[in-house]
Amino acid sequence: MARFYHPSVHHLRSRLTHYAGNAPCYKRRNMSFKVPSSILTTVRRRARKCQYRRRQNAAAYDATKPTIMRLPNEILSMVFELLDVPSRVCLGLTSKVFAQMTSTIDTACTDQPSIVKFHKNCKFLPCTYTHHITDRRIMLLQLKSWMPYGHRLCWVCLKYTKVRCSQWHCTTQVKFNGHDGLNVHALRQAGVTDRLYAHAKCIVSGHVLAKWCRTTPGASGGFTRLRGSDSPPADGYIYDAGH
């Protein structure tokens with residue numbers, strides 16, 4: 001039986017024995033977003049029990065107000081295909097209908113650096129491309145507002161934990177504004193700042209955390225940190241720098 005990675009379960013968490021930059025290296029499998037079949041198959045079974053409750057708690061229906069759920073499935077599939085992988089996973093977490101639609105598209109968040117493009121209307125053509133943080137980190141930053149109050153993301157082990165239950169180190173060397181920004185609406189709404197944290201058990205100090213972010217692919221990026229290239233990549237989603 002294969003051993004799957006799960007960050008919160010100890011015996012399902014695989015850690016490599018070597019360390020890079022005084023920070024632990026976690027070996028993760030690039031698995032897609034999957035919803036257990038028990039959640040999707042019991043919708044009809046629970047419909048009768050919840051029908052009366054839903055009618056009592058439902059808001060007033062306005063036929064003139066358009067909603068995304070009224071769109072045909074073909075249009076919804078096109079919307080999913082145009083989204084980046086982190087946004088697909090976040091949209092699939094909003095309802096069971098969207099969670100079932102994610103089974104037909106690619107939702108694998110990898111630890112490879114993402115690709116960001118300078119704005120197409122920039123004065124210095126041709127547009128340049130460079131690397132930024134990984135899709136997994138982008139997804140976790142989008143889920144920041146979903147986490148309970150008092151939880152914080154560790155930039156090394158990529159886990160949300162309680163602030164008071166751990167000791168933390170901080171760095172401000174990773175920027176998310178200006179030429180190092182990502183034009184993702186969910187990140188702007190979440191209020192992502194240039195202050196990153198890591199567990200004291202994952203990194204020895206804030207200075208070492210800043211060095212680890214600069215030397216680890218996918219932990220930082222942007223046009224002020226990495227030199228851009230004029231040739232677009234062959235595959236992968238291309239983010240917009242917003243400039």
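# A walk through the model, starting at Arg-136

Select Arg-136 to begin: its relative accessible area is 12%, so this residue counts as buried. Keep in mind as you look around that this is a predicted model. Arg-136 sits in helix H6. Now show its side chain and add Cys-109 to the selection. A polar atom of the Arg-136 side chain lies 3.1 Å from the backbone oxygen of Cys-109.

**Stop 1: Cys-109**

Stay on Cys-109 for a moment. Is Cys-109 buried or exposed? With a relative accessible area of 4%, Cys-109 is buried. If you go hunting for disulfides, a search of the whole structure turns up zero. Cys-109 is in no disulfide, and its nearest cysteine sulfur belongs to Cys-90, 8.2 Å away. For a contrast, jump to Cys-165, which counts as exposed at 62% relative accessibility.

**Stop 2: the whole of helix H6**

Go back to Arg-136 and widen the selection to residues 135–142, which make up helix H6. How many of the eight residues of H6 are buried? The count is eight of eight, so the helix is largely enclosed by the rest of the structure. The buried residues include charged-looking names on your screen such as Asp-135, Arg-136 and Arg-137, along with Ile-138, Met-139, Leu-140 and Leu-141.

Next, pick Gln-142, also in helix H6. Its relative accessibility is 7%, so Gln-142 counts as buried. What is Gln-142 in contact with, leaving aside neighbours within four places in sequence? Light up Asp-84, Pro-86, Ser-87 and Cys-90, then Val-184, Ala-186 and Leu-187, and you have the set.

**Stop 3: the nonpolar cores**

Now select Trp-155, Leu-182 and Trp-212. In the largest nonpolar core, which has 38 residues, these three touch the most other members. To see where that core draws from, colour helix H4 (85–92), H6, strand S8 (196–199) and helix H8 (206–215): each gives two or more residues to it.

Zoom in on Leu-182. Setting aside neighbours within four places in sequence, Leu-182 is in contact with Val-116, His-132, Ile-133, Ile-138, Leu-187, Tyr-239 and Asp-240. Another core, of six residues, lies apart from the largest one, and Phe-80, Leu-91, Met-101 and Ile-105 are among its members.

**Stop 4: strands S3, S4 and S9**

Switch to a cartoon view and select residues 113–117, strand S3. Which way do S3 and strand S4 (residues 129–134) run, parallel or antiparallel? They run antiparallel, joined by five bridges. To check one pairing by eye, pick Ser-114 and look across to its bridge partner in S4, His-132.

Then add strand S9, residues 238–240. S3 and S9 run parallel, with three bridges joining them. Select Lys-117 here, and you'll find Asp-240 of S9 standing opposite.

**Stop 5: Arg-227, out in a loop**

Follow the chain to Arg-227, in the loop between H8 and S9. This arginine is exposed, with a relative accessible area of 81%, whereas Arg-136, where you started, is buried. Try adding Thr-128 to the view: Arg-227 and Thr-128 are 99 residues apart along the chain, yet their C-alpha atoms are separated by 9.0 Å. Which residues does Arg-227 touch, not counting those up to four places away in sequence? Select Tyr-129 and Thr-130 to see them.

**Stop 6: Leu-158 and its backbone**

Now find Leu-158, in the loop between strand S5 (151–153) and strand S6 (160–162). At 7% relative accessibility, Leu-158 counts as buried. If your viewer shows backbone angles, look at phi: it is near 60° for Leu-158, a positive value in a residue other than glycine. Most residues other than glycine have a negative phi.

**Stop 7: the annotated stretch**

Select residues 70–103, which UniProt lists, in an unreviewed entry, as "domain: F-box". The span is 71% helix and 0% strand, and its end C-alpha atoms lie 20 Å apart.

**Last stop: zoom out**

Clear the selection and look at the full protein. The secondary structure comes to eight helices and nine strands. Of the protein's 243 residues, 35% count as buried. Among contacts between residues at least 6 apart in sequence, 65% join residues at least 24 apart.

Definitions and conventions
Residues numbered from 1 in each chain as written. Predicted model: local features only at pLDDT ≥ 70, side-chain atom pairs only at ≥ 80, totals over all residues. Heavy atoms only, no water. Disulfide = S-S within 2.5 Å. Buried < 20%, exposed > 50% of the residue type's maximum accessible area, 1.4 Å probe, protein only. UniProt positions renumbered as here; feature names shortened; annotations may be inferred. Helix = DSSP H or I, 4+ residues; strand = E, 2+ residues; numbered from the N terminus. Core = buried A, V, L, I, M, F, W, Y, C linked by side-chain atoms within 4.5 Å. Contact = heavy atoms within 4.5 Å. Pairing = 2+ DSSP bridges. Polar contact = N/O pair within 3.5 Å; in protein donor to acceptor, adjacent residues only side chain to side chain.
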